[in-house]
Amino acid sequence: MFELRLLVPQDRVDAVSDALEALDALSVSVEDADAQTDSEQALFGEPGMPPPRGGWNRSRVIALFPTEEAAREAGALLQAQDFFDGCQVAGVEDVPEQDWVRLTQSQFAPVEITPQFWIVPTWHQPPDQARQVIRLDPGLAFGTGTHPTTRMCLRWIARQQLAGQRVLDYGCGSGILAIGAAKFGATDIDAVDIDEAAVQSTQANALANDVVLHAGLPERAQGKYQTVLANILASPLKVLAPLLCAHVAPGGSLVLAGILERQTEELKQAYAPYARLDVADTEDGWVLMTARL
Ligand SMILES: C[S@@+](CC[C@H](N)C(=O)[O-])C[C@H]1O[C@@H](n2cnc3c(N)ncnc32)[C@H](O)[C@@H]1O
């Protein structure tokens, strides 16, 4: 396989991608050409605010072709088109043959949350000491158990008595926290996300784990819950403060993650009108903050 790599300004990405597909590219992918540099710009805004940008300033468009000749020919044909003005062919590269399935699988080993509680991909056997297991394969939605924010939430869940509780997982991603809550006894669980792919992923993962929960878009969250979990990021968590706190039943718990250590004070202040947040756990520069309402 050979990759044709192009640099394309924002307003040409659709035209160039369509042309590559018409030229029989096996796949076309688009990345931020300025990622990890000072010019990187966010595409998504805060909830309720307009998005800051419709696309990246410069995209790296990568098209896969079965032969080097086909990749070079596609590059030459594109350069002759009017819409290619301002675009650039960055090169053609050989893509070595790989067993992608095996490679991906080798990167995801079982993750220990506590000595008895593990996240285990379906291609692994659970370790002997595991008493609670979430079976989860990496997919489109965030939450495989490898990120410190997810792990801290799961460790918190493993320390609770959730039997019979109504639980809300706000920003559910793969559904890993909602499934964890079910494994530790919660019986009425809503898992919501703004991303439809996350909702679908949560439903599929719940089924695979034999867990009953209700997944949906954020409007599905209704009423009060004994436990509200939200592993998002500091900025959306600040905007969501009144909404999340309003969902916590009197005496219930609010559990927030996605917060860097240096953001602890600003989160405390944002939640001060509704709840008193404390740091309950830390890992790799991230903190878990909890409050009892
Ligand atoms: C860091 S992931 C967490 C996934 C999972 N709960 C975990 O702990 O691993 C954050 C998730 O929150 C979702 N999200 C971001 N902003 C949101 C909002 N305002 N309302 C609901 N979900 C949101 C994202 O789509 C993403 O799936």
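**Exercise 1. Trace the strand pairing around β12 in this predicted model.**
In which sense do β11 and β12 pair, and over how many bridges?

*Solution.*
Step 1. Locate the strands: β11 spans residues 225–231 and β12 spans residues 248–260.
Step 2. Read the direction. β11 and β12 pair in the parallel sense, over six bridges.
Step 3. Fix the register. Y225 has V248 in β12 as its bridge partner.
Step 4. Turn to β14, residues 286–292. Six bridges join β14 to β12, and these two strands run antiparallel.
Step 5. Fix this register too. V255 has T290 in β14 as its bridge partner.

**Exercise 2. Describe the shell around the ligand.**
Which residues come nearest to the ligand, and which elements give two or more residues to the shell?

*Solution.*
Step 1. Start with the nearest residues. Of the 21 residues around the ligand, these are G143, T150, G171, G173 and N231.
Step 2. Assign elements. α4 (148–158) and α5 (176–183) each give two or more residues to the shell.
Step 3. Sort by chemistry. The shell holds 13 nonpolar, six polar and two charged residues.

**Exercise 3. Place the domains and check the confidence.**
How far apart do the C-alpha centres of domain 1 and domain 2 lie?

*Solution.*
Step 1. Set the bounds. Domain 1 covers 2–97 and domain 2 covers 105–292.
Step 2. Take the distance. The C-alpha centres of domain 1 and domain 2 lie 35 Å apart.
Step 3. Check the residues. Mean pLDDT for the protein is 93, and 96% of its residues reach 70 or more.
Step 4. Add the model scores: ipTM is 0.99 and pTM is 0.75.
Step 5. Keep one caution. Predicted coordinates should not be read in detail where pLDDT is low.

Terms used. Residues numbered from 1 in each chain as written. Predicted model: local features only at pLDDT ≥ 70, side-chain atom pairs only at ≥ 80, totals over all residues. Near = placed C-beta within 6 Å. Helix = DSSP H or I, 4+ residues; strand = E, 2+ residues; numbered from the N terminus. Nonpolar A, V, L, I, M, F, W, Y, C, P; charged D, E, K, R; others polar. pLDDT = per-residue confidence, 0-100. Domains from an automatic or database assignment. Pairing = 2+ DSSP bridges.
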